[in-house]
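User: I am learning to read protein structures. Could we go through one feature at a time?

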Amino acid sequence: MKLYMDVGATTIRCEVHRDNSIVHEKIVDESFFHESFVSREHELYALLITLLKRYPDIRFIGIAYAGFIHHGRIISAPNMEVKVHDIKQKIEQEFDVRMEIENDVNCAVLAEADDQASSDIVALYVGTGLGCGVVSDGRLLHGHASLAAEIGHIPYKRTPFHCGCGKDNCIELYASGSGMQKWKQYHDIKGQPDLLQLRQSDNHIERDIAKMFEEALLSAAGTVLTLFNPEKLVLGGGIISANPYLLEILREQIRAYALPEAAKSVSIVQTRLKDAPLEGAKYLEEDL
Ligand SMILES: [Zn+2]
């Protein structure tokens with residue numbers, strides 16, 4: 001049996017698959033187990049112990065995780081409690097199981113590369129944070145300490161508050177759900193308007209927050225196109241699915257924010273996958 005998980009800041013999704021064949025099949029029976037947990041109530045290590053005791057036949061665990069991961073170790077997670085950092089080592093010592101854990105947007109881009117049939121693809125996910133994963137020449141880009149392509153934390157413009165990474169000028173402070181929230185709090189905006197409501201507001205401060213969001217997203221997208229020259233740029237995450245108009249803005253204006261030739265040859269698309277990180281966790285069994 002195999003366990004796949006998408007561990008995010010607000011929810012954890014997991015699937016246990018029973019492999020119905022003695023050869024290594026990628027397509028397995030998904031109906032056996034499908035369950036969602038509220039992540040804040042379940043620290044990952046405790047949840048894994050519970051699942052491994054409930055399903056002692058699990059031999060592989062693939063996890064997409066919303067945090068910095070290096071060689072199976074959780075370095076940090078901005079929005080989650082981490083009690084056990086050496087999670088792969090500990091689980092593999094205590095159970096007869098192989099475990100792989102990878103940053104969630106890195107997992108997402110693995111699934112997107114397959115779904116979009118592209119070996120040069122960048123995934124830009126706009127949710128609580130602004131995440132980026134890169135597959136170049138068919139290989140997932142990691143970097144020396146597995147921090148490559150952390151586009152959310154490139155310097156952009158100073159803000160009156162700080163990012164989870166400690167800096168006060170990350171682009172994620174403009175183009176992400178958490179960044180938008182910080183600007184709304186800073187300006188004491190009531191009623192929790194979403195991005196589209198901010199954009200259509202008759203209050204110029206609210207419209208400015210939406211405008212800053214769009215400009216920062218264009219800048220982030222233009223930067224990844226210029227740096228990685230992908231064939232496809234796939235947009236995903238909660239903010240994108242709630243505001244598909246952002247795709248149109250990107251397609252119309254990206255040439256002003258990227259190397260023009262790189263912008264001309266790219267196809268900007270919205271994800272077709274319901275949960276790309278979870279789908280990508282299923283690729284972690286392969287050598288990356
Ligand atoms: Zn940052």
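User: Which strands does helix H3 lie across, and at about what angle does it run to E9?

Analyst: This is a predicted model. Helix H3, residues 104-115, lies across E8, E9 (130-136), E10 and E11. Its direction is at about 45 degrees to that of E9.

User: Which other helix packs on the sheet?

Analyst: Helix H6, residues 204-228, packs on the sheet and touches E8, E9 and E11. The directions of H6 and E8 make an angle of about 160 degrees.

User: In what order do the strands of the sheet stand?

Analyst: A sheet is read strand by strand, from one edge to the other. Here the order is E10-E9-E8-E11-E12, five strands in an open sheet with mixed pairing. Strand E10 (139-140) and strand E12 (267-270) each have a single partner strand, so one side of each has no neighbour in the sheet.

User: Do E8 and E11 pair in the parallel or the antiparallel sense, and over how many bridges?

Analyst: Strand E8, residues 121-126, pairs with strand E11, residues 232-236, in the parallel sense. There are five bridges between E8 and E11. As one position to look for, Val122 stands opposite Leu233 in E11.

User: Next, the domains. How is the chain divided?

Analyst: Domain 1 covers 2-106 + 276-281, and domain 2 covers 118-270. Domain 1 is thus written as two stretches of the chain. Taken over C-alpha atoms, the centres of domain 1 and domain 2 are 27 Å apart. Their contact takes nine residues from domain 1 and 15 residues from domain 2.

User: How much area do domain 1 and domain 2 bury between them, and which three residues supply the most on the side of domain 1?

Analyst: About 950 Å² is buried between the two domains, with 60% of it on carbon and sulfur atoms. Of the area that domain 1 buries against domain 2, 53% comes from Phe68, Val105 and Asn106, more than from any other three residues.

User: How many salt bridges and polar contacts cross the interface of domain 1 and domain 2?

Analyst: The rule finds zero salt bridges across this interface. It finds two residue pairs in polar contact there. On the side of domain 1 that touches domain 2, the elements giving two or more residues are strand E5 (68-70), strand E7 (98-103) and H3. The largest share, three residues, comes from E5.

User: How many salt bridges are found in the whole structure?

Analyst: A search of the whole structure finds 17 salt bridges. One of the pairs is Arg73 with Asp86, at 2.8 Å from N to O. Arg73 is in strand E6 (residues 73-76), while Asp86 is in the loop between E6 and helix H2 (87-94). The two residues are 13 residues apart.

Note on methods:
Residues numbered from 1 in each chain as written. Predicted model: local features only at pLDDT ≥ 70, side-chain atom pairs only at ≥ 80, totals over all residues. Heavy atoms only, no water. Pairing = 2+ DSSP bridges. Helix = DSSP H or I, 4+ residues; strand = E, 2+ residues; numbered from the N terminus. Contact = heavy atoms within 4.5 Å. Axes fitted to C-alpha atoms, helices over the stretch in contact; angles between N-to-C directions. Domains from an automatic or database assignment. Buried area = accessible area lost by both parts, 1.4 Å probe. Salt bridge = Lys/Arg side-chain N within 4 Å of Asp/Glu carboxyl O. Polar contact = N/O pair within 3.5 Å; in protein donor to acceptor, adjacent residues only side chain to side chain.
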